[in-house]
Amino acid sequence: MGDEIVVKVEALRDASKALAEEGGPITFLQNAKARLDDAPIGTMAFSVFGISVAQAHDHAVQAHDDNLKGGIDRLREAADKLKTSADNWAKSDQPWVVK
């Protein structure tokens, strides 16, 4: 069992901060979502003849919007869990943990 596990608590905290910081991946997805909010065109945008095209477009926009919301939520969750993990490792008193 003599293997030492090196845990870099600050690296975990830095990764958490990097995900959540302004200009980071969460901000990127939020900006993309904000742009996508202007993308729906409405059913009658191409007259009666283009109803199916407009509906398909708006459906695709909604699917992308849902994906972006999910991505933002998952990145926030990942940042929170990285911080929690760092806090837990910092408190660890296991003899095989090298900090």
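The following exercises, each with a worked solution, concern the core, surface and charge pairs of a predicted model.

Residues are numbered from 1 along each chain as its sequence is written, and side-chain values use heavy atoms, with hydrogens and water left out. In this predicted model, local features need pLDDT of at least 70 and side-chain atom pairs count only at pLDDT 80 or more, while totals for chains, interfaces and linings use all residues.

**Exercise 1. The core**

Identify the residues of the largest nonpolar core and the elements that give two or more residues to this core.

Solution. A nonpolar core is a set of buried Ala, Val, Leu, Ile, Met, Phe, Trp, Tyr and Cys residues joined through side-chain atoms within 4.5 Å. Buried means under 20% relative accessible area, exposed over 50%, and partly exposed in between (1.4 Å probe, protein chains only). The largest such core has 6 residues, namely I26, L29, L36, V61, L68 and I72. Two or more of these residues come from each of α2 (25–36) and α3 (51–91); helices (H or I, at least four residues) and strands (E, at least two) are DSSP runs, numbered from the N terminus. As a general background, nonpolar side chains in soluble globular proteins tend to be buried together. For V61, contact (heavy atoms within 4.5 Å) is found with L36, A39 and P40, once neighbours within four places in sequence are left aside.

**Exercise 2. A surface patch**

Determine which residues make the nonpolar surface patch of about 260 Å², and state how V53 is classed by accessibility.

Solution. Patches are made of residues with over 30% relative accessible area and no salt bridge; like charges are joined within 9 Å, and nonpolar side chains (Val, Leu, Ile, Met, Phe, Trp, Tyr) within 5 Å. Areas come from the Shrake-Rupley method with a 1.4 Å probe, and for residues only the protein chains shown count as cover. The patch is made by I41, F46 and V53. V53 belongs to helix α3 and is partly exposed, at 49% relative accessible area.

**Exercise 3. A buried acid**

Establish whether D58 is paired or unpaired in a salt bridge, and list what D58 touches beyond four places in sequence.

Solution. A salt bridge is a side-chain nitrogen of Lys or Arg within 4 Å of a carboxyl oxygen of Asp or Glu. D58, in helix α3, is buried yet has no salt bridge. The nearest side chain of opposite charge, K33, is 14 Å away; Lys and Arg count as positive and Asp and Glu as negative, whereas His and the chain ends are not counted. Not counting residues up to four places away in sequence, D58 touches P40, I41, G42 and T43.

**Exercise 4. Salt bridges**

Explain how K33 and D65 link parts of the chain, and name the residues that form one network with E10.

Solution. The whole structure holds 7 salt bridges. One of them joins the side chains of K33 and D65 at 3.3 Å, N to O. K33 lies in helix α2 and D65 in helix α3, so the pair ties together parts that are 32 residues apart in sequence. Both K33 and D65 are buried.

E10 and R13 meet at 3.2 Å, N to O; they are 3 residues apart in helix α1, and therefore separated by about one helical turn. E10 is partly exposed at 48%, and R13 is partly exposed at 22%. K83 pairs with D87, with the closest N and O atoms 3.1 Å apart. Salt bridges that share partners join E10, R13, K83 and D87 into one network.
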